[in-house]
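Student: I would like a close look at one part of this chain, starting from a single turn and following its surroundings outward. Please take it slowly and say what each term means as you use it.

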Amino acid sequence: MVIDDERQIRKLLEITLQSNGYAVSEAATSKDGLVAAASQSPDLIILDLGLPDENGHYTLKKLREWCSKPVIILSIQSNEQNIVSALDSGANDYLVKPFRTGELLARIRSALRAVPGEESNPNIRFHAFSIDLATRTVKKNNENIKLTVTQYELLTLFAKNEGKVLTHHYILHQVWGNDYINQVQYLRVFIGQLRKKIENDPNRPEYILTESGVGYRFVSSQN
C-alpha cells in the first residue's frame, strides 16, 4: 500500500511495483490510508510524511497502535531528526526523495523477508552463519565463533530485525538499557568488535551496514 499525496509518485510506484509482481493499493491522505490499511491489511506500507491532512509521524504512530506490518518511509524530509524520529516510532526503513527504484525494491524485499512468528524457530541462518537461540551458540562454516555476551546480544538483535534500520538509541536501549541511550561512541566500539568476528573484511562490512548518522541495518544477503 502506498500512502502519498503526490499523484505522480503514486503512479511511479504503482508501475514499478506492479512490474515486479506486487499488487498495489493507494491513498492520498492520512485518513484514507489508515482506513484502507485497516480494511485491506497490506503486507507492507510505503508512507510519505508530508500528507495534506495529518503529519506522517502521526499516521505512523496510529498505524503502530494495531499494525505490525513493515512500514517504509518515503519522504522529501532528509534531516536526521525526522529520520531518527520515524525509525524510533516504528518505521522499518527510510528513503529520501528523489529515490532510486532499485534501492526501494531492495529495501522492500528486505522488509518482507521478516515473517511474523518466526521467533519460535530456535535457529537463524544467513550465508555461512547459524545462530542457535536455544544454546546461544554461533557458527560460521560449522565452526563455533566465540562471542561475548554483549556481542551475542547485538548479533541476535540484528538478525531478528533483518533488513530494518535500527537507530543508535534503539540498539543501546535494547542491549544496555536506558542509562546508555546516548553512548553512541560506546556502541561503535562494540560494533567494530563484532564486525571483526563475523565479517569477511571488517573494513568493508557485508552484514552490519552503517546508516550514517542514524544507526545500523543488518542484511543477511546482498540485494
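In the hairpin of β6 and β7, which residue takes a positive phi near 50 degrees, and how many residues lie between the strands?

Tutor: The residue is His127, and the hairpin has two residues between its strands. This is a predicted model, in which local features need pLDDT of at least 70 and side-chain atom pairs count only at pLDDT 80 or more, while totals for chains, interfaces and linings use all residues. Residues are numbered from 1 along each chain as its sequence is written, and side-chain values use heavy atoms, with hydrogens and water left out.

The hairpin is made of strand β6 (residues 123-126) and strand β7 (residues 129-132), which run antiparallel and are joined by four bridges. Strands here are DSSP runs of E with at least two residues, helices are runs of H or I with at least four, and both are numbered from the N terminus; two strands pair if DSSP finds at least two bridges between them. Phe126 has Phe129 of β7 as its bridge partner, and Ile124 is matched in the same way with Ile131. On from the hairpin, β7 is joined by another four bridges to the antiparallel strand β8 (residues 137-140), where Lys139 is the bridge partner of Ser130.

These strands belong to an open, antiparallel sheet of four, in the order β6-β7-β8-β9. Because β6 and β9 (143-145) stand at the edges with a single partner strand each, one side of each is left without a neighbour in the sheet. From one strand to the next the twist averages 25 degrees. Helix α6 packs on this sheet, touching β6, β7 and β8, and its direction makes about 105 degrees with that of β7; contact means heavy atoms within 4.5 Å, and angles, from 0 to 180 degrees, are taken between N-to-C directions of axes fitted to C-alpha atoms, for helices over the stretch in contact.

There is also an open sheet of three strands with antiparallel pairing, in the order β10-β12-β11. Its edge strands, β10 (165-167) and β11 (208-211), each pair on one side only, and its twist averages 30 degrees from one strand to the next. Three bridges hold β10 to β12 (residues 215-218), with Val165 opposite Arg217. Helix α6 (residues 149-160) packs on this sheet too, touching β10, β11 and β12, at about 65 degrees to β12.

Helix α7 (residues 168-175) lies across β10 and β12, running at about 75 degrees to β10. His168, in helix α7, is buried (under 20% relative accessible area, against over 50% for exposed and partly exposed in between, with a 1.4 Å probe and protein chains only), because its value is 9%. The axes of α7 and helix α8 (residues 184-198) come within 10 Å and cross at roughly 75 degrees. The two helices are therefore roughly perpendicular, a class that spans 65 to 115 degrees, whereas under 35 is roughly parallel, over 145 roughly antiparallel and the rest oblique. His168, Ile171 and Leu172 of α7 meet Val184, Leu187 and Arg188 of α8 in this contact. Beyond its neighbours within four places in sequence, His168 is in contact with residues including Gly213, Val214, Gly215 and Tyr216.
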